[in-house]
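Hello,

Here is the structure we spoke about. Please open it first, then read the notes underneath.

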Amino acid sequence: MHFNSDTTICSLITPPGLSGIAMIRLSGPQAFEIIGKHLHTSISEKESHTISYSVFHDHEQPIDTVTIFKYVGPHSYTGQDTIEIGCHGGYIVPKRIIELLISSGAILAEPGEFTLRAFLNGKLDLTQAEAVNDIIHLQSPAALESASKQLIGSFSKELSALRDATERLFKYLILDFDFSQEDIELVPKDRLISELQSLSLTARSFIESYETAKTLRSGHQALLLGYPNAGKSSLFNAMLGYTRSIVSDVPGTTRDFVEGSMIIDGIHFTLIDTAGIHEHTSDAIEIEGIAYSLSLIKRATIILIVNDITCGVNHSQSLIDLAIREHPKAQRILVHNKCDIHDVDIAASDAIFISAKKTHGLHSIIDSLSHNAKQTDTHITFLLNERQAHLLQEYVHAIEQALQLARQGMSTDVLAIELRSALDTVGLILGTIYTEDLLNDVFANFCIGK
Ligand SMILES: Nc1nc2c(ncn2[C@@H]2O[C@H](COP(=O)(O)OP(=O)(O)OP(=O)(O)O)[C@@H](O)[C@H]2O)c(=O)[nH]1
Ligand SMILES: [Mg+2]
């Protein structure tokens with residue numbers, strides 16, 4: 001990643017390929033000079049935040065008719081002089097325009113480089129920059145609310161309040177230490193303990209949303225769990241609408257796990273077919289497949305227990321117990337399969353009755369997946385990511401250390417050291433403290449053009 005803002009960078013900011021319009025962004029100190037070499041109209045006379053129609057040319061040869069959006073820094077996304085060119089889409093024109101901009105002095109932007117400049121120029125803090133990436137990669141409509149709140153700065157506001165409260169206490173502790181020689185206690189021990197507890201509680205409440213945020217970020221993992229031959233692979237294929245997993249009447253057909261993606265009501269699900277669970281096998285590959293199935297239970301957000309109804313309604317009870325034991329927080333849906341060859345009393349159960357082979361009853365599973373996902377996908381204030389959650393854990397650790405020291409009646413200068421490190425972790429989340437490595441890590445996940 002370039003950390004030098006003296007260059008002028010350019011890139012396609014819409015997806016490559018066939019489209020009516022493609023957008024190209026050019027940003028940096030020479031943006032107006034570079035675009036000026038390719039237009040007959042003078043860009044320098046145009047006001048900021050205006051759009052003009054022009055012909056983009058290469059040494060008098062017209063390339064395309066374009067719209068030119070002009071933003072004079074610092075009033076632009078990056079904080080620098082910026083031009084956005086709307087040209088016709090496809091594979092040739094946008095590529096040619098970018099080549100010409102580069103031949104006139106621009107360089108190709110790296111992934112996330114426009115947003116990096118926005119951060120370095122104080123247009124966004126680090127949590128807002130991360131929210132930009134989140135908005136682009138959202139897998140669930142429910143996540144949009146939290147990502148957009150984060151983008152406009154609500155998480156930054158809460159974090160800044162936490163930082164200010166920590167800083168206030170830190171300054172009191174330093175003062176208290178200065179006055180301690182004169183036997184004056186500025187911060188009574190009880191108040192100190194209750195303030196530290198409140199800081200820890202606030203940070204913990206942020207961390208609590210992390211598990212939900214993970215699901216909102218990557219979508220739901222819906223695991224098919226069942227005994228061999230229950231019809232998991234048949235159901236898996238029927239749900240996806242194409243044959244992805246092998247189906248046969250030989251128990252133990254699925255050895256490895258197989259994944260497929262589906263979108264229900266705008267929510268992304270990864271459906272996972274697994275090896276049937278049973279104890280009586282000496283086949284090494286099957287044993288390994290079963291071990292995989294068990295480990296996947298912990299990763300799942302929704303577990304579909306597929307029961308072969310011809311073996312009885314309670315046949316899979318021990319698998320339900322297993323799912324509850326291994327991952328009590330996951331949602332569970334009991335599906336009785338093979339109802340086409342077995343009479344069942346549907347009214348007497350809240351389970352779902354289907355025939356994977358005849359694709360009967362699949363809509364009930366779809367409705368149930370959507371319902372379960374919507375139940376877990378709501379009520380989240382912040383779309384915390386792994387980096388932020390990890391730093392918040394460090395914050396809590398430092399505050400808890402300070403609490404312990406306070407209870408032991410340690411001198412306030414020792415407590416202040418813990419508060420200093422707690423303050424640093426909040427600084428790293430917001431990006432008021434950063435290193436090039438940190439920025440490289442954050443912006444490495446961005447796409448080209450953002
Ligand atoms: N009649 C009937 N047969 C079904 C149904 N679903 C699956 N089967 C049959 O049951 C057998 C096993 O199906 P699979 O989908 O391979 O079962 P599985 O649970 O994936 O089995 P393993 O991979 O061995 O664990 C096959 O012969 C399927 O045709 C159904 O709804 N009705
Ligand atoms: Mg199978």
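**Around the ligand**

Helix α9, residues 232-240, is the main contributor to the shell around ligand 1, giving 3 residues. Keep in mind that this is a predicted model. The shell holds 24 residues. The closest are G231, S233, T254, G276 and K357. Sorted by class, the shell around ligand 1 has 12 polar, 7 nonpolar and 5 charged residues.

**Domains**

The domain assignment splits the protein chain into three parts. Domain 1 covers 9-124. Domain 2 is made of two stretches, 130-209 and 384-431. Domain 3 covers 216-377. The centres of domain 1 and domain 3, taken over C-alpha atoms, are 50 Å apart.

**Helix packing**

Two packed helices are described by the angle between their axes and the distance between those axes. Three pairs are listed here, with both values for each.

Start with helix α13 (residues 386-407) and helix α14 (residues 412-430). They pack at about 165°, and their axes lie 9 Å apart. An angle over 145 degrees counts as roughly antiparallel, and α13 and α14 are therefore roughly antiparallel to each other. Their crossing is left-handed. On the α13 side the contact is made by Q388, L391, E394, Y395, A398, I399, Q401, A402, L405 and A406. On the α14 side it is made by V414, L415, E418, L419, S421, A422, T425, V426, L428 and I429. By class, this contact of α13 with α14 has 14 nonpolar, 4 polar and 2 charged residues.

Helix α13 also packs against helix α7 (residues 189-208). Here the angle is about 160° and the axes are 9 Å apart. That makes α7 roughly antiparallel to α13. The crossing of α7 and α13 is left-handed. From α7, the residues in contact include L192, I193, L196, L199, A203, F206 and I207. Among their partners in α13 are L392, Y395, V396, I399, L403 and A406. By class, the contact of α7 with α13 has 15 nonpolar, 3 polar and 4 charged residues. Y395, I399, A402 and A406 of α13 appear in the contact with α14, and Y395, I399, A402 and A406 are also listed in the contact with α7.

The third pair is helix α4 (residues 126-137) with helix α5 (residues 141-151). Their axes come within 8 Å and cross at roughly 145°. The crossing of α4 and α5 is left-handed. T127, Q128, A131, V132, D134 and I135 of α4 meet A147, S148, Q150 and L151 of α5. By class, the contact of α4 with α5 has 5 nonpolar, 4 polar and 1 charged residues.

**Backbone points to look at**

Most residues other than glycine have a negative phi, and most peptide bonds are trans. Two places depart from that.

What is the geometry of the peptide bond from G73 to P74? The bond is cis, with omega near 10°. P74 is in the loop between β4 (61-71) and β5 (82-90).

H59 is not a glycine, yet has a positive phi of about 45°. H59 sits in the loop between β3 (50-58) and β4.

Best wishes

Notes:
Residues numbered from 1 in each chain as written. Chains lettered and ligands numbered in written order. Predicted model: local features only at pLDDT ≥ 70, side-chain atom pairs only at ≥ 80, totals over all residues. Domains from an automatic or database assignment. Near = placed C-beta within 6 Å. Helix = DSSP H or I, 4+ residues; strand = E, 2+ residues; numbered from the N terminus. Nonpolar A, V, L, I, M, F, W, Y, C, P; charged D, E, K, R; others polar. Axes fitted to C-alpha atoms, helices over the stretch in contact; angles between N-to-C directions. Parallel < 35°, antiparallel > 145°, perpendicular 65-115°, else oblique. Left-handed = near helix turned anticlockwise from the far one by under 90°. Contact = placed C-beta atoms within 7 Å.
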